[in-house]
Amino acid sequence: MIRALRASVIAWKEILEFIRDRRSIALMTISAFLFPLLGLVITGLQTKQMARVAIIVCDNGSYAESFSKKLVAAIHSTPGLVPVLVQGKCSFPEDIVAAIIIPKGFSINASSLDKPVFIKFYRVVGKASADQAANVLNSVAASLAQNISIQRIKTIAKRAGLSLNPNYVRNPVYLVTESISSSGAPAPPSLIRRADVARFLAFSVFFVLNPAAIAVADAITRERESGTGELLAISPITGLDLLLGKTAGALVAASIAGGLDAAAVIAYVYMVLGGVDPGLILVHVTGVLLAVLVTAAFTMFITLVVPGQRAATLVASLITGLATIVFLSALFVDYNTLPMLVKSIFYSIPYTYVVLAIKAYALQQESLAITYLGVLLALTIAALIGAARAYKPERLVKRI
Amino acid sequence: MTRDDAGVECGNPVLEVNNVVKKFKRGPTIGPISFTVSRGEIFALIGPNGAGKTTTIRMITGIYRPDAGYVKVCGSVAQRGFVAYVPEESAVYPRLTGYEHLYFYAKLYYSDKRRVRLIVERAASISGLGDNLRRKVGEYSKGMKRRLLVALALALDTPLLVLDEPTSGLDVYSSVEVRRLILRAARDGRAILLTSHNMLEVERLATRVGFIARGQLIDIGEPHVLIERYGGRDLEEAFVNAVQRVLGKTIAKR
């Protein structure tokens, strides 16, 4: 009872200190919204571009006319690109990022049986929007190539007196892709979408964890460096009271971090994908919360064993590094397919369990997700017990 | 266990330091040091920087465990909760208000709500900070921070009060006020251990003085006795003479 009271006094102080630390909260807020904001800003900026792409038609045939119309429509519908149609004279207009030239003879060659159809593409070096224009051209040109080749096959077949499907002559090999769950059952589109969202959610933890980790990492060193640790060390509190109080205080930082991250992720996912499972968000928030707590517990343990401000900075840097590896790899790597040694290294990092829990829940393996979160909680408790054992009053004070 | 739950009767001496020694891997060994401080007594430990004052205080407050000897407060080796301490640095939480500081420490020492309120009211009154107690401590001057910590230590009502440079950084008026409060605490029966570089302050306040240098307690006595014993116009000169006389011999022996 007394222990809980004293721990709550420490927690109350930690909470007051944290919620009044506007700089850290601002940093956490910015960080949480950084990833979605980056995506939105880049997309938004792209749509605000007015990159002019010239379509210069030097041929008067019907193929050239049809192709140029399709190009104009496709470029017009691409955000940030503006089509400039030039007909009659084969010259470049001013202020363009790219030019597509439909040369003379285009239509004659397109309607022949075996003549090549040329399209010339000129791009201004160093213009990112020229890449976009190239992508649009490739897509429209591929469609044209398909139409011409089908037409040619039909003509040849007719002359040869053959009845055939021109599509199978063009593409004799078809790749059929089906998504299945880990149990082998067909995966519905909703499951595929959840899995994609889960990868994104796991990655997004990285953005909010770092400022939150920095905010809680100096829980012990702050007391030591400011001299307040000396007053705590002589007060009736025990090491466990102190650590429980500090951890409970860190819960607030963790909750703010989790809430902010969830808000940012929900906002982004709604905008980009149109919705997200509330259960998945809950697992994500719990993961963030536990990730911050495990960070607090481990940093308290390490800073009690290794004194000094430098140790706290080092621990914070180490955490940032580990978090970067784990959460970035969450986008591209399936941990359970890694070689045993690499897998063991990943599984010894607590943050891995956040990624595993989110991914497991997305794949409807709820009990596995809970197990992973349980492992994370157990690691937090183990680190706290370790820190309580490492606690000595003299470790709360500056060395003379 | 908090103090109001402990119910310990504190007899005399309140503080007993018996042959304590602290060894460091790097740095000099402190001790053996022995002295006692009784109820109503103000014992001043004076010595230059690096003499061993802070180490001795840390052994008394329970931060350091002595490598030899023992420290007893109220007859118990467990000092926690029986010592109030004002460190030399202004150790405060800048984002908490003065009142929040007082409540925080009072709640660490006492679980009874009425007692906590009493301690806070007493500390608020002693500090003389008035409405400033509602402001964040980060906005306080060094003197205001010091007054807050001294007031808190006095209000905590522990049998032993340890003050490390209690008037450091205070203006003349605040220093006079803090000294008055220390004297009142001693009159109320509390044992007080203080360190100070201000010899005039020590002469005015201390009932007994301990000279400490190079980790050794050179001598203990009432201020006027020490001045007579080592010569000099005041305690400052007596201290310098004592260090030269006693440590000179010690160094020669080594």
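**Exercise 1. Find which domains the assignment gives for chain A, and how many ångströms separate their centres.**

*Solution.*
Step 1. The domain assignment divides chain A into domain 1, made of 2–42 + 184–396, and domain 2, covering 51–170. Keep in mind as you look that this is a predicted model.
Step 2. Taken over C-alpha atoms, the centres of domain 1 and domain 2 of chain A are 53 Å apart.

**Exercise 2. Decide whether chain A is a compact globule or more spread out than one.**

*Solution.*
Step 1. Start with the secondary structure: chain A contains 15 helices and four strands.
Step 2. Chain A has a radius of gyration of 31 Å, while the globule rule gives 21 Å for 400 residues. The value for chain A is well over that of the rule, so chain A is more spread out than a compact globule.
Step 3. Now look at the extent along the principal axes: the C-alpha trace of chain A spans about 100 × 50 × 35 Å.
Step 4. Turn to the surface and the interior. About 19,900 Å² of chain A is exposed, with 64% of it supplied by carbon and sulfur atoms. Of the 400 residues in chain A, 47% are buried.
Step 5. Finally, take the contacts in chain A with a separation of 6 or more: 77% of them come from residues 24 or more positions apart.

**Exercise 3. Put chain B through the same kind of check: how does its radius of gyration sit against the globule rule?**

*Solution.*
Step 1. Chain B holds nine helices and nine strands.
Step 2. Its radius of gyration is 18 Å, close to the 18 Å from the globule rule for 254 residues, so chain B is as compact as a globular protein of that length.
Step 3. The C-alpha trace of chain B spans about 55 × 40 × 35 Å along its principal axes.
Step 4. Among the 254 residues of chain B, 53% count as buried. The accessible surface of chain B is about 11,300 Å², and 48% of that belongs to carbon and sulfur atoms.

**Exercise 4. Count the positive and negative side chains of each chain, and say how far apart the centres of the two sets lie.**

*Solution.*
Step 1. In chain A there are 35 positive and 21 negative side chains, and the two centres lie 6 Å apart.
Step 2. In chain B there are 39 positive and 27 negative side chains, with 5 Å between the two centres.

**Exercise 5. Locate B:C74 and B:D157, and say what is notable about phi in each.**

*Solution.*
Step 1. Recall the general pattern: most residues other than glycine have a negative phi.
Step 2. B:C74 has a positive phi, near 55°, and is not a glycine. B:C74 sits in the loop between β4 (68–73) and β5 (83–86) of chain B.
Step 3. B:D157, also a residue other than glycine, has a positive phi of about 65°. Look for B:D157 in the loop between α5 (142–155) and β6 (160–164) of chain B.
Step 4. Residues under 20% relative accessible area are buried. B:C74, at 12%, is therefore buried, whereas B:D157, at 30%, is partly exposed.

**Exercise 6. Describe the surroundings of B:G143: is this residue buried or exposed?**

*Solution.*
Step 1. Find B:G143 in helix α5 of chain B.
Step 2. The relative accessibility of B:G143 is 15%, so B:G143 counts as buried.
Step 3. Beyond its neighbours within four places in sequence, B:G143 is in contact with B:G169 and B:L170.
Step 4. B:S174 is 31 residues from B:G143 in sequence, yet their C-alpha atoms are 7.5 Å apart in space.

Conventions: Residues are numbered from 1 along each chain as its sequence is written. Chains are lettered from A and ligands numbered from 1 in the order in which they are written. This is a predicted model: local features need pLDDT of at least 70, side-chain atom pairs count only at pLDDT 80 or more; totals for chains, interfaces and linings use all residues. Side-chain values use heavy atoms; hydrogens and water are left out. Helices (H or I, at least four residues) and strands (E, at least two) are DSSP runs, numbered from the N terminus. The radius of gyration is taken over C-alpha atoms; the globule rule is 2.2 Å times the number of residues to the power 0.38. Buried means under 20% relative accessible area, exposed over 50%, partly exposed in between (1.4 Å probe, protein chains only). Accessible areas come from the Shrake-Rupley method with a 1.4 Å probe; for residues, only the protein chains shown count as cover. Lys and Arg count as positive and Asp and Glu as negative; His and the chain ends are not counted. The place of a charge is taken as NZ of Lys, CZ of Arg, CG of Asp or CD of Glu. Contact means heavy atoms within 4.5 Å. Domain bounds come from an automatic or database domain assignment.
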